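This report walks through one protein chain and the contacts that join its parts. Please keep the sequence and the model at hand while reading.

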Amino acid sequence: MLEEVERWLSRRSWSAADRPLDAVMAAKRRTATTVSVVLPALDEEATVGDIVAAIRRALMSDAVPLVDELVVVDSGSTDRTAEVAEKAGARVVHRDAILPRLPALPGKGEVLWRSLLVTTGDVVCFIDADLKDFDPGFVSGIVGPLLTDPDVDFVKAMYDRPFGDSPGQGGRVTELVARPLLNLHWPQLAGFVQPLGGEYAARRTLLERLPFPVGYGVELGLLVDALHTVGLDALAQVDVGVRKHRHQDGQALGRMAAAIYRTAQLRLSRAHLVRPSLTQFERGEDGFVPRTYAVDTEERPPMREIDEYAVHRAA
């Protein structure tokens with residue numbers, strides 16, 4: 001590990017307990033910083049309501065008004081995700097209703113990018129909607145450094161991530177794809193425990209300057225681009241404990257890995273993939289059947305280049 005990263009780990013890696021909630025609230029009042037929380041959601045009726053309710057109860061009360069707005073962006077759910085989220089107290093916006101002049105592309109990154117147009121907070125906090133046993137300390141933990149330290153622009157959550165009964169620090173795609181890529185090509189980012197984690201917060205002034213990969217590559221893309229835009233010392237991570245969520249099957253993880261590799265490759269060469277697709281195999285009645293999937297090859301430009309965003313910010 002680079003000496004620079006070792007120093008960064010000692011200066012920019014914290015526990016959520018390092019910033020008690022009353023200290024975070026005092027900093028919010030002092031700086032008059034507003035906070036938006038965004039949950040990208042697709043068919044998450046089983047968990048999204050509990051997450052929304054926990055945030056509203058713990059962080060949007062008269063006593064603790066840490067979060068100023070809570071938005072669930074529904075990317076086309078076929079279940080009751082929108083209904084459950086709204087009933088729990090979130091403002092629900094459908095992905096297709098945001099920036100309708102640009103047809104929406106499938107993918108998580110697309111939803112996060114569009115969310116900048118329907119939120120107003122100075123700090124934007126992203127939380128995955130499939131978390132189980134959600135602790136609102138995820139939000140206060142990663143928002144805290146942005147409120148208390150003006151030199152910090154981007155904060156990732158770090159946590160234990162058990163797989164079944166097995167404890168662990170990272171997901172399978174993290175350990176097999178993302179961590180090797182970062183260590184080999186962006187060694188300054190080797191200190192991030194959960195580089196692909198979906199829980200992170202950043203200043204709007206940074207997010208609006210970054211391109212957003214539309215699919216699974218969004219977390220790696222934002223992390224790498226944030227490094228190049230504001231430097232390592234403006235990045236941080238906070239230990240928030242344990243993250244429990246549903247796990248995807250191996251083939252879904254393969255598609256995720258391909259998208260992440262493509263995101264890294266684009267940033268390394270700024271060229272196009274020779275063949276932006278991935279073929280996997282499924283057993284059928286007559287043996288193995290090839291299935292070919294497109295690898296995400298689209299990115300959205302920095303939001304500040306979008307005319308509607310300028311209007312939104314001026315409103």
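In this predicted model, helix H3 offers a simple check of geometry: at 1.5 Å a residue, its twelve residues should span 16 Å, and the end C-alpha atoms are indeed 16 Å apart, which agrees. Within H3, the residues Val48, Gly49, Ile51, Val52, Ala54, Ile55 and Leu59 are buried. An α-helix has 3.6 residues a turn, so residues three or four places apart point the same way. The buried residues of H3 pack against two strands that also belong to the main sheet described below, E2 and E3, and also against H2, H4, strand E6 (131-132) and helix H6 (137-148).

**The sheet and the helices on it**

Eight strands form an open sheet in the order E1-E10-E7-E8-E5-E2-E3-E4, with mixed pairing. Its edges are strand E1 (13-15) and strand E4 (91-94), each of which pairs on one side only. On average, and with direction ignored, neighbouring strands of this sheet are turned by 25° against each other. Helix H4 packs on the sheet, where H4 touches E2, E3 and E4, and the direction of H4 makes about 155° with that of E4. Helix H9 packs on the sheet as well, touching strand E7 (154-160), E8 and E10, with a direction at about 135° to that of E7.

Strand E8 can be followed residue by residue. Strand E5 (residues 123-126) and strand E8 (residues 200-203) pair in the antiparallel sense over four bridges, and E7 and E8 pair in the antiparallel sense over three bridges. On the E5 side, Cys125 stands opposite Ala201, while the bridge partner of Phe126 is Tyr200. On the E7 side, Val155 stands opposite Ala201. In a regular strand the side chains alternate between the two faces of the sheet. In E8, Tyr200 and Ala202 point one way and Ala201 and Arg203 the other way, and all are buried.

**The nonpolar cores**

The largest nonpolar core has 48 residues, of which Phe154, Val173, Leu189, Phe212, Leu220 and Leu235 touch the most other members. The elements that give two or more residues to this core are E3, helix H5 (108-115), E5, helix H7 (172-185), E8, helix H8 (204-207), H9 and helix H10 (250-269). Of these, H9 gives the most, with seven residues. Which residues does Phe154 contact, leaving aside its neighbours within four places in sequence? They are Leu146, Tyr200, Ala201, Ala202, Leu206, Leu222, Leu223, Ala226, Ala234, Leu235 and Ala236. A second, separate core of 42 residues includes Val64, Leu66, Leu70 and Tyr159.

**Salt bridges**

Side chains of opposite charge can pair when their charged atoms come close. A search of the whole structure finds 20 salt bridges, among them the three pairs in the table.

| Salt bridge | Closest N and O atoms |
|---|---|
| Asp233 with Arg12 | 3.4 Å |
| Asp68 with Lys28 | 2.6 Å |
| Arg80 with Glu45 | 3.8 Å |

Asp233 lies in the loop between helix H9 (218-230) and strand E10 (235-242), and Arg12 lies in helix H1 (residues 3-12), so the pair ties together parts that are 221 residues apart in sequence. Asp233 is partly exposed, with a relative accessible area of 36%, whereas Arg12 is buried, at 4%.

The pair of Asp68 and Lys28 also links distant parts of the chain, 40 residues apart: Asp68 sits in the loop between helix H3 (48-59) and strand E3 (69-74), and Lys28 in helix H2 (residues 21-31). Here Asp68 is partly exposed, with a relative accessible area of 40%, while Lys28, at 8% relative accessibility, counts as buried.

Arg80 and Glu45 likewise link distant parts of the chain, 35 residues apart, with Arg80 in the loop between E3 and helix H4 (81-88) and Glu45 in the loop between strand E2 (35-41) and H3. Arg80 is partly exposed, with a relative accessible area of 43%, and Glu45 is partly exposed too, at 32%.

Beyond these pairs, Lys108, Asp128, Glu199, Glu219 and Arg243 are linked in a network of salt bridges.

Definitions and conventions: Residues numbered from 1 in each chain as written. Predicted model: local features only at pLDDT ≥ 70, side-chain atom pairs only at ≥ 80, totals over all residues. Heavy atoms only, no water. Salt bridge = Lys/Arg side-chain N within 4 Å of Asp/Glu carboxyl O. Buried < 20%, exposed > 50% of the residue type's maximum accessible area, 1.4 Å probe, protein only. Pairing = 2+ DSSP bridges. Axes fitted to C-alpha atoms, helices over the stretch in contact; angles between N-to-C directions. Contact = heavy atoms within 4.5 Å. Core = buried A, V, L, I, M, F, W, Y, C linked by side-chain atoms within 4.5 Å. Expected span 1.5 Å × (residues − 1).
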